[in-house]
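Here are my notes on this one, point by point. Have the model open while you read.

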Amino acid sequence: MRPMTREEVRASIVNLGPTEKKVRLPAWFDDAPWHRIDYLGWRDMRAPKRAYLVTEADDQALGVLLRQAPNDAAHTSRALMCDLCRSTRRFNEVSLFTAQRPSRDKRERLNTLGLHLCTDLDCAVKMHTKPIRQTFDPLVDDIIATRREGMRSRTIAFIRSVSDAQRTTRRQR
Ligand SMILES: [Zn+2]
């Protein structure tokens, strides 16, 4: 993705609640490896269960606030797949996160969307893992580019589905 400014990233979060106006950026923001990543992902240092994902859609920053769900003990022996990079990893390397849909209606406050995501928000590492290439397969760079496109579009689709709730609610009024 292209490099973004702090202001762009802060303004991009589609589902901040009225009490959560402050988006704390990561300490390494100035060193973000923009060209290697398809989303900027970080945890709030003072509230580590809060995580942010920001990507780029039609040249605009588009981001979401997530909360890591408590670990589900029933699932701790399984491998899980990340919904964004589609890697299957050990159960503790993929976690369930939820996004609160923006709504002014208190009755809808439990309206959340879930996402399985690499716990360390490090999908980019998986994206750049060298594929095992067969003779007639596309070039490694092409395989990685295709993967990244897929991940980018899934990330955009997820964040839009979080913010779309607001539009639907407005239409119903
Ligand atoms: Zn992932």
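1. Where is D38 found? D38 lies in the loop between α1 (6–11) and β1 (40–44), with helices (H or I, at least four residues) and strands (E, at least two) taken as DSSP runs numbered from the N terminus.

2. A word on the basis: this is a predicted model, where local features need pLDDT of at least 70, side-chain atom pairs count only at pLDDT 80 or more, and totals for chains, interfaces and linings use all residues. Residues are numbered from 1 along each chain as its sequence is written, and side-chain values use heavy atoms, leaving out hydrogens and water.

3. Back to that loop: D38 is buried, at 2% relative accessible area (buried means under 20%, with a 1.4 Å probe and protein chains only). Its side chain makes a polar contact with the side chain of R148 at 2.9 Å (a pair of N or O atoms within 3.5 Å, one able to donate a hydrogen and the other to accept it). Setting aside residues up to four places away in sequence, D38 also touches M1, T55 and M127, among others (heavy atoms within 4.5 Å).

4. The largest nonpolar core (buried Ala, Val, Leu, Ile, Met, Phe, Trp, Tyr and Cys joined through side-chain atoms within 4.5 Å) has 25 residues, and L53, L66, L84, L117 and C123 touch the most other members. The top contributor is α3, with five residues. A second, separate core of 18 residues includes W34 and W42.

5. C123 touches C82, C85 and C118, among others. Both C82 and C118 are buried at 0%. Still, the count is zero disulfides (cysteine sulfur pairs within 2.5 Å).

Methods. Buried < 20%, exposed > 50% of the residue type's maximum accessible area, 1.4 Å probe, protein only.
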